[in-house]
Amino acid sequence: MSAGGESVMEFLSSVLPAPGNSRVDDERFQRPLVTLTFAQSLDGKIAGKGGKQLILSGRESMLMTHWMRTKHDAILVGIGTALNDDPQLNSRHIPEHERPSHLPRPVILDASLRLRPDCKLLRNYQEGKGRRPWVICDANLDPDYTGRKSTLENAGARVKRTSSGFIVIPDLLESLYNYGIKTLMVEGGAAVVGSFLAESARAKPNTIIDTLIITIAPTLVGDEGVGYGKGLSTEQTPSLKHIQTKIMGQDVVIVGAL
């Protein structure tokens with residue numbers, strides 16, 4: 001492993017639960033360990049106008065994110081991120097000779113099944129370069145549900161409906177745990193980040209988020225950019241215990257526990 005890779009792995013080992021951690025295997029919790037992570041600008045924006053993708057992370061922190069993905073069973077994003085960014089949610093930035101064999105499971109929150117059947121996640125699965133994506137939808141969809149479900153499943157997705165109707169985070173986490181997901185990395189976008197933060201504050205003392213990792217890039221986006229705290233009141237903002245701050249290239253990475 002290169003010196004850069006060793007440094008990143010040492011950092012992640014100090015802030016993420018290790019395999020075999022008693023909390024990971026403790027069935028009393030009935031939910032995965034959750035790492036919420038995202039990159040933001042100095043003025044707190046994580047996307048451009050209308051949710052347009054912004055490349056905020058520098059090379060070093062992007063590599064950290066890709067290593068972090070290999071330490072989780074699944075990666076979760078919302079449908080807005082899936083449509084705007086067309087992400088791959090893999091570890092392609094890790095040098096091939098260092099890349100672990102483990103690939104995380106992509107999970108997309110897509111209440112109305114708007115995911116495109118030709119998206120990169122499904123193309124990667126078809127080509128044997130990624131795991132089958134799970135698409136979580138609302139159980140109370142309109143009659144078009146069957147057709148959209150078939151289209152996505154024919155493209156390789158596995159569509160899972162929520163048992164309680166709307167997608168409710170505690171129920172979602174319990175379902176993912178029952179599907180075998182013990183560690184979950186939540187990458188965004190803004191609505192998903194805000195929802196997890198609000199739910200974590202509401203669920204006190206049994207928090208929803210275990211580790212929060214924020215990469216802060218030395219750039220300003222402006223008022224048209226999309227932030228993640230809109231609509232969050234003081235009561236909906238969970239308290240944060242600082243764990244570690246690290247400089248990675250041009251970026252600052254802050255790790256906290258909720």
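Buried here means under 20% relative accessible area. The model shown in these views is predicted.

**View 1. The whole chain comprises 8 helices and 11 strands.** Of its 258 residues, 48% are buried. The chain exposes about 12,500 Å², and carbon and sulfur atoms supply 49% of that area. Among contacts with a separation of 6 or more, 78% are between residues 24 or more positions apart.

**View 2. Strand β5 covers residues 134-137 and has buried side chains pointing both ways.** W134 and I136 point one way from β5, while V135 and C137 point the other way. All of these residues are buried. In a regular strand the side chains alternate between the two faces of the sheet. Strand β4 (residues 105-109) runs parallel to β5 and is joined to β5 by 3 bridges. Within this pair, I108 stands opposite V135.

**View 3. An open sheet of 9 strands has mixed pairing.** The strand order is β6-β5-β4-β3-β7-β1-β8-β11-β10. Strands β6 (158-161) and β10 (241-248) each have a single partner strand, so one side of each is left without a neighbour in the sheet. On average, neighbouring strands of this sheet are turned by 20 degrees against each other, with direction ignored. Strands of a sheet pair through backbone hydrogen bonds, either parallel or antiparallel.

**View 4. Strand β1 (residues 33-40) is largely enclosed by the rest of the structure, because 8 of its 8 residues are buried.** L33, T35, T37 and A39 point one way from β1. V34, L36, F38 and Q40 point the other way, and these too are buried. In the sheet order, β1 stands between β7 and β8.

**View 5. Strand β1 pairs in the parallel sense with β7 and with β8.** Strand β7 (residues 183-188) is joined to β1 by 4 bridges, and in β7 the bridge partner of T35 is M185. The pairing of β1 with β8 (residues 211-216) extends over 6 bridges. In β8, T37 has I213 as its bridge partner, and Q40 has I216.

**View 6. Helix α3 (residues 59-69) lies across several strands.** The strands crossed by α3 are β1, β3 (74-78), β7, β8, β10 and β11 (251-257). Relative to β7, α3 runs at about 145 degrees.

**View 7. Helix α7 (residues 169-178) packs against helix α8 (residues 190-202).** Their axes lie 10 Å apart, at an angle of about 95 degrees. Angles of 65 to 115 degrees count as roughly perpendicular, so α7 is described as roughly perpendicular to α8. On α7 the contact is made by I169, P170 and L173, and on α8 by S195, F196 and E199. By class, the contact has 4 nonpolar, 1 polar and 1 charged residues.

**View 8. T245 has its place in strand β10.** T245 is partly exposed, with a relative accessible area of 43%. Leaving aside neighbours within four places in sequence, T245 is in contact with V252, V253 and I254. V255 is 10 residues from T245 along the chain, and the C-alpha atoms of these two residues are separated by 6.2 Å. Strand β10, which holds T245, is one of the edge strands of the sheet.

Methods. Residues numbered from 1 in each chain as written. Predicted model: local features only at pLDDT ≥ 70, side-chain atom pairs only at ≥ 80, totals over all residues. Heavy atoms only, no water. Buried < 20%, exposed > 50% of the residue type's maximum accessible area, 1.4 Å probe, protein only. Helix = DSSP H or I, 4+ residues; strand = E, 2+ residues; numbered from the N terminus. Pairing = 2+ DSSP bridges. Contact = heavy atoms within 4.5 Å. Areas by Shrake-Rupley, 256 points an atom, 1.4 Å probe, with all protein chains shown as cover. Axes fitted to C-alpha atoms, helices over the stretch in contact; angles between N-to-C directions. Parallel < 35°, antiparallel > 145°, perpendicular 65-115°, else oblique. Nonpolar A, V, L, I, M, F, W, Y, C, P; charged D, E, K, R; others polar.
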